[in-house]
Each structure stands twice: as structure tokens, then as C-alpha cells.
Amino acid sequence: MTKQFHLGWFLGFSADEWNEPFSNGGSPWNGDFYVEMAKSLERACFDFMMVEDTLMISEAFGHSMETYLKHGLMAPKHDPAPLAALMTAATRHLGVVTTMSTMAYPPFMLARLCSTLDHISNGRTGWNIVTTGENASAQNFGMDELPSREVRYEMADEYVDVVCKLFDSWDEDAVILDRERGYYADHTKVRTIDFEGKYYKVRGPLNTVRSPQGRPAFVQAGGSPRGRAFAAKHADAIVAVGNGPAGMKKYREEIRALAAEAGRNPDDVKIFFCITPTLGETDEEAQARHARMINSDRFIEQSLAFIAGVTDIDFSKFDLDKELPPLTTNGEQGSLDKFAQWGSGKTLRQLVIEASGGLVSSVELIGTPDTVAKKMGEVMEEVGGDGFLITSPSLRMSRRYITEVTDGLVPALQRLGLTRTVYTTNMLRETMKEF
Ligand SMILES: Cc1cc2nc3c(=O)[nH]c(=O)nc-3n(C[C@H](O)[C@H](O)[C@H](O)COP(=O)(O)O)c2cc1C
């Protein structure tokens, strides 16, 4: 039997494709648009939607908010947690992964929020663990600049330890509803954690009932060696931008080895590779759509602003028709390395065009639903597993694009036996572990 793979979707609670010919109107802020999207993805049997988040309006490109607000790119961005509650209330099986930064939330608040969301969703909540990579975000939390990556991950390790202890501060059978003795909960099954580490001090217990999954599914996107080790130690799912099938395979093997080293079963860590398929009625039409997109000035400006936003490097100051100078970042180094193709001799313009698909595509996928589905199957066969994380090439959603995937690409994948046609479990971690 063909080996099945998982599907997730990556999005932000952001502006939609407001200025494209098939626009939704530009105001998804009451959540209806994304709730509708959640229902569509559930119909297509996705494991989860992952809602990204950042906590600033970037000025990385040209030292100004202008480009970001002009395009509605990376800003405005609304809080994903209330949206997650709405989306899970409207669905029954789809998981919703909410991005929350270890820099921003006190651990107690995060554990409490995750526990509450996991109850509201009946066990379909995930937490995308991010440490935050932009100085502009740090400046919203009383800091002048971000701690180094090393310190951020050291803090995040301790943070995850604290929240896990908080999640475990209630036993599964603490709520007894004993009418005869008049006890709602048994206080001997709820205990303080008395945590005192290098960075955090938390007494506990959590004041929420233990959640259906015990703790949310942990999702992470470790790019750097430190980030990969963190992800392999903690995550139930890892999202990653791979460098073609060979790079994806290598990344997956490395994570599986790190997970085994950390004493885990590598099969418990599912890797989802980002892709941004461009679909069409014919392969030629899909190619033409892709070419139209990547050759537009708007695409080039947006791509440069995006890579500036995630690396805190001002890409407006480089000549488009020259090579990039050597660069490093305290932000997303992996994204920078993949984008820059160091040593290739390519100009910045070439890099942007080649990084088409919003800079987050592991492999190029352009064609009819059948063409793309077949290629996804071949890539996954070569990589060895576990799933794909889909997002739109423009990084913004339209009903049209969602429908192309849910009613075009996914049925084509299902016809090949590559993705699920029913849900057999109810909670997110179980769904991800099913195969
Ligand atoms: C698919 C994907 C989604 C991500 N989503 C977010 C996000 O929503 N918020 C955020 O602050 N960082 C996000 N990141 C950045 C990662 O958390 C991480 O910082 C990045 O992959 C760089 O790895 P490093 O921290 O090991 O350097 C994302 C990365 C990837 C690949």
C-alpha cells in the first residue's frame, strides 16, 4: 500500500489577498473568513492549521513600516489564540496550532491559555513554540534588543520544562464530581510545582482542569543547530523549509537522529515541509500564473520586505542586480542561508525569483492538481515522510486558492492514496501519530 503523508496549512491572522483580481474584500478581522477556511480544510482532512504570529510591525525594510503596511504584508496581524477558539468551535477533527512566543507570555499564562484552548477544542490544540527573532518585538517587552539565539533557546528549554510541570500539576482523575461527599475536585491530586530555575520562578499549580491531551501538541521550527536540537527534544511536529528533496531528506534524518539521542522514538516527531503549490487547469496555465507572479515588481518588493522582516536585515539597501555581501542574523539564519545561496554568484534579483513561492517553499510545485499531487508523492517517497505544510505562494489567503487546494489538489492526492480521506482519531497528537 502507498505510504500516506500528513497535510497542514500555514497562515497568519492577517490581511487576505485584498488587491488580487479574485479578492475577498480585505477585512477578515471578525474571523469568519478563517472559520470558513477551517471548515474547508477539515473537509479535505488536514491534520491542522498553524497560525503564525509576530509581535511587532517591522521597520526592517528601508527603516520604515511603509512597505509592510502598503502591502498588508506581515502586518496588520491579529492575535491567533481567539481565532483558534473560533476555528475549533466550528470544526470537529481539525487541529489548530497557535503560535505563542516564549519571550512574550509568562509561562503560567501560556500554560493556562493552552489548557483552556485544548478544552474548548476537545483536544485539538497545538502550540507553535517560538522564541521570537526580531528586535522590534523585543522592544515591545521592555528590552532594547533580543537576547542571543543561544540564550533564547536556553530560556525556552527551561520555559518548556516549567509549562510541562504546570500541565502535570493536575492528575487526570483530579475532577471527581463526588455528589455524596460534596467534592468537585480532589485536592490531593492537584499540587504546586515550586519551580525555581535560572530564568523562571513559578509556584503553580495551574488553576485549570487537566486538558484532554494533557498538554497541547508541541510544534516547532528549529532552523539553526541549536533550534534543531530543541525541536528534536520537545516537538510532536516540526515545520521546516527544506532545500529540495535531498535537503529535506537530510534534515529529516538529522532530526530523527537527534530525537533518538534525546531518548525519543523518532516516529513520534513528524516533519512537515513547507510548500506553496501553484495550480492551474493545465500545466501551461499554472506555469504562466507562476511567471506572472514572480515577474511583478510587487512580488519582488514583497519578497525583499518579507526576508528583511524575518532576518532584521535591510534588503532595500542592496542593488538588485548585484551579488549580496556576506550576511548573518540573530533572527532566522536558516531562512537567510536558504535565500542567499551563498557562493552561487547569483544577483539579488535572481535570488528573489528563484525563491519564488514566498521564500518558504521546500520544492517547486507548479501544474495541474494531478501533476502536483504526483510530484508530491514522488518527493515524499524520496524524503521518507512525514507531511507537507501548505501555504499560498503570495503568503496571503483567498477563497480561490483555498478551493484550488481543497477541491483540486487534495482530491488528486486522495485518488493516489497519498492523504487521508477520513479522520479516525479525535485529538491532534493522535491524528499526527496515526501514520
Ligand atoms: C514554517 C515556519 C513557520 C514559522 N513561524 C513562526 C512564527 O509564527 N513566529 C515566529 O516568531 N517565528 C516563526 N518561525 C521561525 C522559527 O520559530 C525559528 O526561529 C526559525 O525557523 C529559525 O530557526 P532558529 O530559531 O533555530 O534560528 C517559523 C519558521 C518556519 C520555518
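Here are some short exercises with worked solutions on the structure above.

The structure is a predicted model, in which local features need pLDDT of at least 70 and side-chain atom pairs count only at pLDDT 80 or more, while totals for chains, interfaces and linings use all residues. Residues are numbered from 1 along each chain as its sequence is written, and side-chain values use heavy atoms, with hydrogens and water left out.

**Exercise 1. The span of a helix**

Task: Work out what span helix α10 should have at 1.5 Å a residue, and compare the distance between its end C-alpha atoms.

Solution:
- Start with the naming: helices (H or I, at least four residues) and strands (E, at least two) are DSSP runs, numbered from the N terminus.
- Next, take the rule: the expected span is 1.5 Å times one less than the number of residues.
- Helix α10 covers residues 297-311, which makes 15 residues, so the expected span is 21 Å.
- The end C-alpha atoms are 21 Å apart, which agrees.
- Finally, look just past the helix: α10 is followed by Asp-312, with a positive phi near 60°.

**Exercise 2. The surroundings of α10**

Task: Find how many residues of α10 are buried, and what covers them.

Solution:
- Buried means under 20% relative accessible area, exposed means over 50%, and partly exposed lies in between (1.4 Å probe, protein chains only).
- By this rule 12 of the 15 residues of α10 are buried, so the helix is largely enclosed by the rest of the structure.
- Among the buried residues are Phe-299, Ile-300, Leu-304, Ala-305 and Phe-306.
- The cover includes α2 (66-71), α9 (283-294), α11 (333-340) and α12 (348-354), where contact means heavy atoms within 4.5 Å.
- Now zoom in on Ile-300, which lies in α10 and counts as buried because its relative accessibility is 8%.
- Leaving aside residues up to four places away in sequence, Ile-300 touches Ile-294, Leu-320, Arg-349 and Val-352.
- On the α2 side, take Thr-67, a residue of helix α2, which counts as buried at 8% relative accessibility.
- With residues up to four places away in sequence not counted, Thr-67 touches Phe-61, Glu-301 and Ala-305.

**Exercise 3. A capped helix**

Task: Describe how α3 is covered, and identify the residue that caps its N-terminal end.

Solution:
- Helix α3 (residues 80-89) is mostly covered, as 7 of its 10 residues are buried.
- These buried residues include Pro-80, Leu-83 and Met-87.
- The buried residues of α3 pack against α1 (32-43), β2, β3 (95-101) and α4 (107-120).
- The cap is Asp-79: one of its side-chain oxygens lies 2.9 Å from the backbone nitrogen of Ala-81.
- A polar contact is a pair of N or O atoms within 3.5 Å; within protein, one must be able to donate a hydrogen and the other to accept it, and residues adjacent in sequence count only if both atoms are side-chain atoms.

**Exercise 4. Around the ligand**

Task: Find how many residues surround the ligand, and which are the closest.

Solution:
- A residue is near a molecule if one of its heavy atoms lies within 4 Å of it.
- The ligand is surrounded by 17 residues, the closest being Asp-53, Arg-149, Tyr-153, Ala-221 and Ser-224.
- A polar backbone atom of Asp-53 is 2.7 Å from a nitrogen atom of the ligand.
- In the side chain of Tyr-153, an N or O atom is 2.5 Å from an oxygen atom of the ligand.
- Ser-224 has a polar side-chain atom 2.6 Å from an oxygen atom of the ligand.
- Taken alone, the ligand exposes 610 Å², and the protein buries 91% of that; these areas come from the Shrake-Rupley method with a 1.4 Å probe.
- The elements giving two or more residues to the shell are β2 (48-52), β4 (125-130) and α6 (149-167).

**Exercise 5. Unusual backbone angles**

Task: Which residues does a cis peptide bond with omega of about -5° join, and is Asn-122 buried or exposed?

Solution:
- As background, most residues other than glycine have a negative phi, and most peptide bonds are trans.
- The cis bond with omega of about -5° joins Gly-204 and Pro-205, and Pro-205 is in the loop between β8 (201-202) and β9 (217-220).
- Another cis bond, with omega about 5°, joins Gly-385 and Asp-386.
- Asn-122 is not a glycine, yet has a positive phi of about 55°.
- Asn-122 sits in the loop between α4 and β4 and counts as exposed at 52% relative accessibility.
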